[in-house]
Amino acid sequence: MKKSLMNLLVVFIAIALFGCKSYEDYKNERVESAIKHFERAQYTDLPTDKVLSLKDCIELAIENNVDLKVYSLEEKVSHEMRTSEMLGMLPDLTVSDSYVHRDNVAASSSKQVHGTQGPGNYTYSTSQDKTINYFNVDLALSVLDFGLAFVNGLQENDRMLLRNQRFRRAAQNLVLDTVRVYFQVASAQRAIDITEKLLAECKETYQQIDKMGEDGKISPYRAFDEVSKFIDMEKRLTNYVRSFENSCVELRALLGIYPNANIKVDDSVLDKVPEFTLPDIQLMEQIALMKRPELFEMDMQRHVNVLEARKTIITMFPNVKIFYDYNEVDNSYLYHNSWREMGIRSAYNLLKLPQKISRYRALNKQIEAEEYRTYAQAIAIMAQVRIAHANLLATKERYDINNRINSAYTKNLQKVEGGNDVSGEVSQINVSHMKLSTAETEIEKLLALGNYYVAYFRILNTLGMENLDTATVDEIKAQLAEARINADAELQKAREEYEESRAKKEEEDANKPVDWKWSDEIIN
């Protein structure tokens with residue numbers, strides 16, 4: 001009775017704690033979360049006078065980015081799951097204590113069914129009390145479950161390492177995005193400094209053109225053409241202001257702080273042109289194949305499948321269970337009120353064996369597919385390295401072109417401003433137009449320089465590296481040389497197998513009859 005009341009109480013508590021929710025409940029919860037998240041975002045802000053360098057932005061992004069924190073928490077979850085699976089190797093230890101009471105005597109009779117009737121009492125008799133307390137301690141170890149729990153622990157360890165590689169790749173992508181947006185903000189910030197004064201001159205130029213048109217100094221067609229030129233230029237310059245605000249919001253979002261446009265970065269990095277020293281393209285391809293987290297992730301996933309195949313092999317064996325029991329009963333009719341038992345049980349489901357064999361074969365095919373998928377990913381990564389390298393060269397060439405154009409515009413503008421040929425309102429309009437055009441080439445040069453920086457960081461991203469200094473490159477070269485020596489025999493065997501399969505295929509193609517009809521259809 002007491003136990004039933006306890007169970008009923010547990011049911012009521014579960015209903016109270018885990019009751020279903022209606023749409024209104026979720027709606028109210030969403031309102032509360034909206035207020036909480038908004039207020040929380042307000043506290044994550046920067047001092048208004050702080051100027052952030054590229055290093056500061058990267059450090060803030062790694063520290064505060066919410067998406068990166070999610071990957072970090074997923075890694076911690078995998079760590080706890082690994083511990084949970086390893087604890088599954090412990091044996092089962094069950095302690096039970098039950099109290100039983102019945103309102104009448106548990107009595108029964110017996111009847112002789114064979115042979116002559118002998119002495120004895122065949123009336124109703126009892127062998128247990130009305131109230132009995134049962135106490136039992138059961139310790140059992142399943143060898144099969146122990147082996148499966150051990151392999152599960154190895155799999156969870158691989159998944160934990162896999163999550164770590166995902167976190168590492170997410171951090172690399174975050175750094176690249178931060179660098180990209182940082183230089184967008186820096187270029188636009190410098191562009192605003194250049195264009196603010198020029199936009200004010202544009203308004204004065206409009207007034208001059210209107211006055212010259214009214215005075216008849218220029219024709220209406222010339223006035224319309226000049227105004228159109230300045231309006232188009234003003235639109236382009238104004239777009240830099242809009243781009244600056246959007247980039248500021250995006251940068252603050254990447255840094256994990258309140259996303260408004262109040263941020264200032266150090267744009268002095270645009271005052272110099274860096275010279276990036278890179279290894280040769282083939283070495284960079286090998287570095288990417290060594291360091292990219294995606295390849296590590298696929299290797300780990302393949303090992304998880306290998307362990308899954310081993311688990312399938314384990315399940316093909318009979319399940320052996322070793323047990324030890326201790327029992328204690330306060331029944332007064334028993335000769336012994338406590339006793340111990342020890343034994344071993346074995347069970348084998350023979351009809352499940354074909355299914356296990358088929359599953360093992362399927363997992364082997366899955367492992368082979370993972371190997372080819374890893375190779376395909378390696379080919380794609382090498383292509384990414386070459387594309388990123390070509391992009392770096394293209395952005396550098398684009399910057400050189402923009403720099404030459406800006407130098408020519410600036411030189412011509414200085415000649416015009418320093419000479420005595422500027423006289424009259426028409427000439428002033430031409431000079432204003434030259435100033436705006438020169439400013440636009442200056443901005444394009446800054447944007448190209450920012451893209452050049454971003455292209456270098458994109459190469460680092462495709463290589464899966466944080467830097468490419470000389471010491472790091474030399475260390476990687478030594479690792480590659482050592483690995484090549486260790487794998488020389490295996491590489492030679494792979495070459496021989498390839499040559500053998502190639503010769504066999506050529507022989508088969510030579511002996512294969514040609515379907516001229518099919519060939520004619522293709523030609524026609």
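**Exercise 1.** Determine which residues of α7 meet which residues of α11 in this predicted model.

*Solution.* Contact means heavy atoms within 4.5 Å. On the α7 side, the residues are Leu 283, Gln 286, Ile 287, Met 290 and Lys 291. On the α11 side, they are Val 473, Ile 476, Lys 477, Gln 479, Leu 480 and Arg 484. By class, this contact has 6 nonpolar, 2 polar and 3 charged residues (Ala, Val, Leu, Ile, Met, Phe, Trp, Tyr, Cys and Pro count as nonpolar, Asp, Glu, Lys and Arg as charged, and the others, Gly among them, as polar).

Residues are numbered from 1 along each chain as its sequence is written. Local features need pLDDT of at least 70, side-chain atom pairs count only at pLDDT 80 or more, totals for chains, interfaces and linings use all residues, and side-chain values use heavy atoms, without hydrogens and water.

**Exercise 2.** Classify the crossing of α7 with α11 and with α8.

*Solution.* Axes are lines fitted to C-alpha atoms, for helices over the stretch in contact, with angles from 0 to 180 degrees between N-to-C directions. The axes of α7 (residues 281–291) and α11 (residues 470–486) come within 11 Å and cross at roughly 80°. α7 is therefore roughly perpendicular to α11 (65 to 115 degrees). With α8 (residues 293–315), the axis of α7 comes within 5 Å and crosses at roughly 45°. These two helices are therefore oblique (angles under 35 count as roughly parallel, over 145 as roughly antiparallel, and those outside the named ranges as oblique).

How values were computed. Helices (H or I, at least four residues) and strands (E, at least two) are DSSP runs, numbered from the N terminus.
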